[in-house]
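Let's go through this one by asking how each label is earned. Have the picture open while you read.

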Amino acid sequence: RRGAYVIQAGPRATWRFFDRKRIWLGLGGGFIFQGASSPPTGVGLEESAASEEAERAFGAVPYLQVSGEWFLLDRWTLGLAPRISVPLTDRFYAQGRKIPRYSTTFELGASVGVRF
């Protein structure tokens with residue numbers, strides 16, 4: 001929907017338990033804090049002005065993550081990061097859809113990076 005948005009941010013701590021030449025493996029955990037807002041839905045003439053306010057929600061998601069990085073060159077890496085999380089509140093995403101609270105989720109992230 002037009003005007004809807006979701007913002008996510010949060011802290012994470014990671015411990016690198018394997019560090020050999022071109023391979024790094026780490027284990028970490030953290031929280032995703034999320035704010036979501038959507039515009040009012042189809043306010044007609046007969047509806048009250050109170051229903052014209054946007055819907056807003058805030059959520060928190062603790063997670064555990066394993067991360068792996070492979071150094072292609074001295075500083076360029078390819079990474080994979082599987083993550084398991086359990087939302088403490090509903091977790092919103094595209095077009096007003098949501099994952100219900102306490103629904104365990106599995107995500108797989110991939111990355112290309114440069115280390116300095």
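Q: What stands opposite Gly-35 in S4?
A: Phe-58 does. That is one position in the pairing of S3 and S4, which run antiparallel over 16 bridges. Another is Ile-32, which stands opposite Val-61 in S4. One thing to keep in mind: this is a predicted model, where local features need pLDDT of at least 70, side-chain atom pairs count only at pLDDT 80 or more, and totals for chains, interfaces and linings use all residues. Residues are numbered from 1 along each chain as its sequence is written, and side-chain values use heavy atoms, with hydrogens and water left out.

Q: What makes S3 and S4 a pair of strands?
A: Two strands pair if DSSP finds at least two bridges between them. S3 and S4 have 16 bridges, so they qualify.

Q: How do you know that S1 and S2 pair with S3 as well?
A: Same kind of count. Strand S1 (residues 5-9) shares 5 antiparallel bridges with S3, and Val-6 stands opposite Ala-36 there. Strand S2 (residues 12-20) is joined to S3 by 8 bridges, again antiparallel. Arg-20 has Ile-23 as its bridge partner in S3. The hairpin of S2 and S3 has 2 residues between the strands, and Lys-21 takes a positive phi near 40° in it.

Q: What links S4 to S5?
A: A hairpin, through 4 residues. S4 and strand S5 (residues 76-85) pair in the antiparallel sense over 7 bridges, with Leu-64 opposite Ile-84.

Q: How many helices and strands does the protein chain have?
A: It comes to 0 helices and 8 strands. Both are DSSP runs, numbered from the N terminus: helices are H or I with at least four residues, strands are E with at least two.

Q: Why is the pair of Phe-33 and Phe-58 called stacked?
A: Rings of Phe, Tyr and Trp (its six-membered ring) pair if their centres lie within 6.5 Å; planes under 30 degrees apart count as stacked, over 60 as edge-to-face and the rest as tilted. Here the centres are 6.3 Å apart and the planes are at 10°, so the pair is stacked. Phe-33 lies in strand S3 (residues 23-38) and Phe-58 in strand S4 (residues 55-71), so the pair ties together parts that are 25 residues apart in sequence. Ring pairs also bring in Phe-31, making a cluster of Phe-31, Phe-33 and Phe-58.

Q: Which label fits Phe-58, buried or exposed?
A: Exposed, with a relative accessible area of 62%. Buried means under 20% relative accessible area, exposed over 50%, and partly exposed in between (1.4 Å probe, protein chains only). Phe-33, at 34%, counts as partly exposed.

Q: What kind of aromatic pair do Trp-15 and Phe-17 form?
A: A tilted one: 5.8 Å centre to centre, with 40° between the planes. Trp-15 is exposed at 57% relative accessible area, while Phe-17 at 42% is partly exposed.

Q: What makes Arg-16 count as sitting over the ring of Trp-24?
A: A charge sits over a ring if NZ of Lys or CZ of Arg is within 6 Å of the ring centre and within 35 degrees of the ring normal. The charged end of Arg-16 is 3.5 Å from the centre of the Trp-24 ring. Arg-83 lies over the face of Tyr-63, at 4.8 Å from the ring centre.
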